[in-house]
Amino acid sequence: MPSKTEKLLSLLNGQPVIPVLKINDVANAVPLARALARGGLPAIEITLRTADALEAIRRVAAEVEEAIVGAGTILDSRQFDEAASAGSRFIVSPGITRELLAAAADSEVPLLPGAITPGEIMAAREAGLRFLKFFPAEQSGGIASLKAFASPLADVKFCPTGGITGKNAADYLSLPNVICVGGSWVAPDDMVKAGKWDEIEALARAASQLRK
């Protein structure tokens, strides 16, 4: 198994659910990361879908020692470099491109790129990546597709994201080629906005137990 795949797996360290977060107010980033870590989900993905995302990553990386912050929705090498410089420990992309693969090859920060077709998965595999994001999961065949990949692409593992909820996460996690799932249900926007950190911690704790 390639060293960067090993590094990525060691960062996630058996965590069944990776919270996928959209930070609309940077002031929420640190208390949210702390609540999720207390609940057993220290590895989080902050998506670059808002103006505050990079600053949120910087603050969590600097102030929440127990958190393992990654950056999501990375679309090109510039965003890759900005996210890595902000303190991201891992990088998540919705897809796979030559530009992103080149950026990852030049960085110590591991990449979790999205792939949904056999060709995309094989291209990532050729680049030495054996752990991929399967996105958008529910819209791309979901569990049936992942079951179909298990035999011909037996050495590739996945983190399905997109349409994953507390109701179907355990079904995905039961698949032998699924390491973890990504989802936003552990940090609902209304709870984050209201600062309901204890409730978010409880959701994280329940999610952390899904594989046990």
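Buried means under 20% relative accessible area, exposed means over 50%, and partly exposed is what falls in between. Keep that scale at hand for these exercises on a predicted model.

**Exercise 1.** Which class of exposure does R125 fall into, and which residue does its side chain meet in a salt bridge?

*Solution.* Start with the accessibility: R125 has a value of 34%, so it counts as partly exposed. Next, look for the partner: the side chains of R125 and D155 meet in a salt bridge with an N to O distance of 3.0 Å. Finally, place both residues: R125 sits in helix α6 (residues 118-126) and D155 in the loop between α7 (142-149) and β7 (157-160), so the pair ties together parts that are 30 residues apart in sequence.

**Exercise 2.** Find the salt bridge between D155 and R130, and say whether R130 is buried or exposed.

*Solution.* First, the contact: the closest N and O atoms of D155 and R130 are 3.2 Å apart. R130 belongs to the loop between α6 and β6 (131-134) and D155 to the loop between α7 and β7, so this pair links parts 25 residues apart in sequence. Now the accessibility: R130 has 19% and is buried, while D155, at 33%, is partly exposed.

**Exercise 3.** Where do E201 and R205 lie, and which network do they belong to?

*Solution.* Both residues are in helix α10 (residues 197-208), 4 residues apart, or about one turn of the helix. Salt bridges that share partners join them with R38 into one network. Within the E201 and R205 bridge, the closest N and O atoms are 2.8 Å apart. To finish, compare accessibilities: E201 is buried at 14%, and R205 is partly exposed at 38%.

Methods. Residues numbered from 1 in each chain as written. Predicted model: local features only at pLDDT ≥ 70, side-chain atom pairs only at ≥ 80, totals over all residues. Heavy atoms only, no water. Salt bridge = Lys/Arg side-chain N within 4 Å of Asp/Glu carboxyl O. Helix = DSSP H or I, 4+ residues; strand = E, 2+ residues; numbered from the N terminus. Buried < 20%, exposed > 50% of the residue type's maximum accessible area, 1.4 Å probe, protein only.
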